[in-house]
Protein chains: 2
Amino acid sequence: MTETPARVPQGERTRLMRARLLDATVDLLVERGFAGTTTTLVSERAGVSRGAQLHHFPTKNDLVVAAVEHLTEVRGAELAAAAAALPPDVPRTRGVLQVLGDHFTSPVFVAALELWVAARTDPGLQASLGPLEQKVGRETHRLTVELLDADESVEGVRELVQATLDLVRGLGLANTISDDAARRARILDRWAHTLDTTLTRRQR
Amino acid sequence: MTETPARVPQGERTRLMRARLLDATVDLLVERGFAGTTTTLVSERAGVSRGAQLHHFPTKNDLVVAAVEHLTEVRGAELAAAAAALPPDVPRTRGVLQVLGDHFTSPVFVAALELWVAARTDPGLQASLGPLEQKVGRETHRLTVELLDADESVEGVRELVQATLDLVRGLGLANTISDDAARRARILDRWAHTLDTTLTRRQR
């Protein structure tokens, strides 16, 4: 420990700069979409020189793929944090659906949607995105099973959990152009009721 | 009727040319995405001169908006035709879900998804797309209620029908990058079971 406290180590400075670039990429994906996200805009937004940006991420694809990985971590952390802080005054199942519904209508979902749709017609992006999305999908499923106390050893329970996630994905897509919160709340009320009457729970 | 049968009237020729341009636009949206769809490619694909194309659709936005309207008709007709031809050997509810699942994974859904996502960051496109999507949404809902014999006068039934459509929209999105047919079939099996045990039907 020979450094003074005011001096930020090089490794830490690099880490912070990369994080600023990736955050800026996600913000621009939300604001301007995939086509409107350029490396020039990203370096301006992040306050990072073009030279430094090009050193770390030579192409738009490098930047966007790294942003996807960054997104993956943000998504996972967001969801786990929200799940850990379920409000005590809301019935459990409805609270879990609220967390999922919020997650799939957040800016993080919107940025992921932009990448997902762009990757459909961009094989390079698709090759990078596919395995990551599988990993995120498995992780989200695991967390949902745990939150709902679902007993996946019972036939049909796994599919009911998957249906819940496909439902909130569909609700997320419906929310991208207009605010769909009121309709979504009624659907999730009803879905909570259905899960409470049809889902087999694990014994605690 | 003074015309010979071999002669196609001018109005009909114009209608056919417009249909070719709009079909080509939809095809290109599926193959190359919104950003990759250019007016030059559309006129080449449709076999229509640039001059004629520009006369009917001066800008990409004109072309895409007209293609959305065209899509709307194609979507409605496709869905109604499939619903009218439900296979007799499959239980009714599962058959209806198959039709919806097929519809939301068809090229027509993919083209609409491209427009939907592009419209999120394009106010002009959004202004044209919003009302149309509302109309299509209402029509799809009405058809689904009818196919499922759902009694919407009973509390919660409307929301269960909406959840069904949000589910298949989510399944459609999940299918855009990789073929998700096997997983989708299992989820729809389970959803059919859920609807059969929780949905109140109309008295015939």
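Helices, at least four residues long, and strands, at least two, are DSSP runs numbered from the N terminus.

**Figure 1. The fold of chain A in this predicted model.** Let's start with a single copy: chain A has nine helices and zero strands. Following the sequence from one end to the other gives the pattern α-α-α-α-α-α-α-α-α. Along the principal axes, the C-alpha atoms of chain A fill a box of roughly 60 × 45 × 30 Å.

**Figure 2. Helices H4 and H7 packed within chain A.** Two packed helices are described by the angle between their axes and the distance between the axes. Here, the axes of H4(A) (residues 60-84) and H7(A) (residues 123-148) come within 10 Å and cross at roughly 5°. Angles under 35 degrees count as roughly parallel, and H4(A) and H7(A) are therefore roughly parallel to each other. H4(A) contributes residues including Val64(A), Val65(A), Val68(A), Thr72(A) and Leu79(A) to the contact, while Leu125(A), Leu129(A), Leu132(A), Val136(A) and Leu143(A) are among those from H7(A). Sorted by class, the residues where H4(A) meets H7(A) are twelve nonpolar, five polar and three charged.

**Figure 3. Two copies related by a rotation.** Now bring in the partner: a rotation of 180° with 0.0 Å of shift along its axis superposes chain B on chain A, with an RMSD of 0.1 Å. That is the relation of a two-fold axis. The same surface serves both copies, as 100% of the contact residues of chain B recur in chain A.

**Figure 4. The interface between chain B and chain A.** Each side is easy to tally, with 39 residues from chain B and 39 residues from chain A taking part in the contact. Between them, the two chains bury about 3,500 Å², and 65% of this area is on carbon and sulfur atoms. Which residues of chain B lose the most area to chain A? They are Arg120(B), Ile177(B) and Arg190(B), which together make up 21% of what that side buries.

**Figure 5. H8 meets H8 across the interface.** Look for residues 157-174 in both chains: the axes of H8(A) and H8(B) come within 7 Å and cross at roughly 90°. That makes H8(A) roughly perpendicular to H8(B). Among the residues that H8(A) brings to this meeting are Ala163(A), Leu167(A), Gly170(A), Leu171(A) and Ala174(A), and H8(B) brings residues including Ala163(B), Leu167(B), Gly170(B), Leu171(B) and Ala174(B). The contact of H8(A) with H8(B) comprises ten nonpolar, two polar and four charged residues.

**Figure 6. Salt bridges between the chains.** Side chains of opposite charge can pair when their charged atoms come close. The structure holds 26 salt bridges over all chains, and the count between chain B and chain A is six. In one salt bridge, the side chains of Arg183(B) and Asp166(A) meet at 3.0 Å, N to O. Arg183(B) lies in H9 (residues 181-198) of chain B and Asp166(A) in H8 of chain A, so the pair joins two chains. Another salt bridge pairs Arg186(B) with Glu159(A), where the closest N and O atoms are 3.8 Å apart.

Technical notes:
Residues numbered from 1 in each chain as written. Chains lettered and ligands numbered in written order. Predicted model: local features only at pLDDT ≥ 70, side-chain atom pairs only at ≥ 80, totals over all residues. Heavy atoms only, no water. Axes fitted to C-alpha atoms, helices over the stretch in contact; angles between N-to-C directions. Parallel < 35°, antiparallel > 145°, perpendicular 65-115°, else oblique. Contact = heavy atoms within 4.5 Å. Nonpolar A, V, L, I, M, F, W, Y, C, P; charged D, E, K, R; others polar. Least-squares fit on C-alpha atoms with pLDDT ≥ 70 in both. Buried area = accessible area lost by both parts, 1.4 Å probe. Salt bridge = Lys/Arg side-chain N within 4 Å of Asp/Glu carboxyl O.
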